[in-house]
Amino acid sequence: MKKELDLKKLELSALLEVTQAINGNLTDQALYKIYHFTLLAQLQISRLGLFVLEDNWECKVNFGTNYDFKNAAALPPAITCLTEISYITDLNLDAHWSEFETVVPILQNRKILAFVLIGNSQAYYSTLGALSFVQTLSNIILVAMQNRRMARLRLAEEAIRNEIKIAREVQTMLFPKSLPNDEAVAIHASYLPHSSIGGDYYDYVPINEDQFLFCIADVSGKGVPASLLMSNFQAGLRTILRQNPNLLTVVTELNHLIYCNAIAEKFVTAFFGIYNRRTNVLSYVNAGHNSPVLLHENNTIQLLTEGCTMLGIFESLPFISVTEVPIPNKSLIMCYTDGLTEVFNTDEDEYGLENTIKFLQNYRYLPLPKLHEELLEEIKQHNQGSTNFHDDITLLSCRFK
């Protein structure tokens, strides 16, 4: 009776030591060491293996055995299927497992977290009832470690969310604060990112009293990497444009900038247009982008296709041309990224360029904000009423009055 009472005192002491260690916010490795010495010194368990399920079964604590279980193969199925305290002799295992006498499963909400294998313990711990304390002690420390890992994961996820929020705010700041709507020209843009951070971009930059540049671009990929490259693209465009508003120079220098700074397999498709209000002429370069639609007053269309290959693939562009197009009054230019046309319905029919042109011909006189709203509603209906599109969607329209 006295011996059993002494063991109960040791158990309470062990619980106190483990609880203090958990509250001390020690590392997992330090907690495993305290667990080791608590079982060895306080409870006089001299042979033990603690196998914890992470990505695979790993032996985290092993002492008193001749065989090195930390470098052993995975736990045998005869052990991993256990849900109750069991004897090793009942499991028909390989010889080295006979160093242990008892298997103690550690569960949380009926889910196996670990197994404690015990051997050469004092007589009191040879009974299944007494082994339940080892089970309780192991459960306390393992659940505490698991909860701490989950807390760290939540903190890391929160930090990532904050970084994404900042990146989204920075990205929003890159878009022009206002777009013109005067007696000669109206410009309107709509941007729907697929995720919280997208890789699409549009811009409007006044050059002088007569000229302004407008562009639309699509960075390969999504998320933060695409956003960073887009930010680099925007800064480069505006810097180069201030130094030299020649479209050939702007595109050539931007290609070099992207080639030198983009990570592997990143590139940019873009359309650049410089419009001269005095001459009513548009100079443009299409750098591998979806061809903008130029819609004339009589509803005929012209696709703006000429230019060069996408940017960032070659150190020097293999070819490039600047095309000049007269823009009659009452013309409309619709620029867009491929997220608009590459919307598929359940029959795998693409919305496509043809439907985009038909829509523009039917609704060309709508105010530009309403035009964009109706077009986005139409592709939403093509997508079975869902706004869960598979890519960023950007629209940039110019109406010449």
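**Close-ups of a buried strand residue and some salt bridges**

With 0% relative accessibility, D203 counts as buried (buried is under 20% relative accessible area, exposed is over 50%, and partly exposed is in between, using a 1.4 Å probe and protein chains only). Everything here comes from a predicted model, where local features need pLDDT of at least 70, side-chain atom pairs count only at pLDDT 80 or more, and totals for chains, interfaces and linings use all residues. Residues are numbered from 1 along each chain as its sequence is written, and side-chain values use heavy atoms, leaving out hydrogens and water.

**View 1. D203 pairs up with R238.** The two side chains meet in a salt bridge at 2.7 Å, N to O (a salt bridge is a side-chain nitrogen of Lys or Arg within 4 Å of a carboxyl oxygen of Asp or Glu). D203 sits in strand β7 (residues 200–206) and R238 in helix α5 (residues 223–243), so the bridge ties together parts that are 35 residues apart in sequence. Helices (H or I, at least four residues) and strands (E, at least two) are DSSP runs, numbered from the N terminus. R238 is partly exposed, at 25% relative accessibility.

**View 2. I216 sits in strand β8.** This strand covers residues 211–219, and I216 counts as buried because its relative accessibility is 0%. Leaving aside residues up to four places away in sequence, I216 touches a set of residues including Y201, Y202, F271, H289 and L396 (contact means heavy atoms within 4.5 Å). Y202 is 14 residues away along the chain, yet the C-alpha atoms of I216 and Y202 are separated by 4.2 Å.

**View 3. E297 meets K330 between two loops.** Their closest N and O atoms are 3.9 Å apart in this salt bridge. E297 lies in the loop between β11 (293–295) and β12 (301–303), while K330 lies in the loop between β14 (323–326) and β15 (331–336), 33 residues apart. E297 is partly exposed at 44% relative accessible area, and K330 is partly exposed too, at 48%.

**View 4. K370 and E373 share helix α9.** Here the salt bridge spans 3.6 Å, N to O. The partners are three residues apart, about one turn of the helix, which runs over residues 368–382. K370 comes out partly exposed at 33% relative accessibility, and so does E373 at 48%.

**View 5. E54, E58 and K60 form a salt-bridge network.** For the wider picture, a search of the whole structure finds nine salt bridges.
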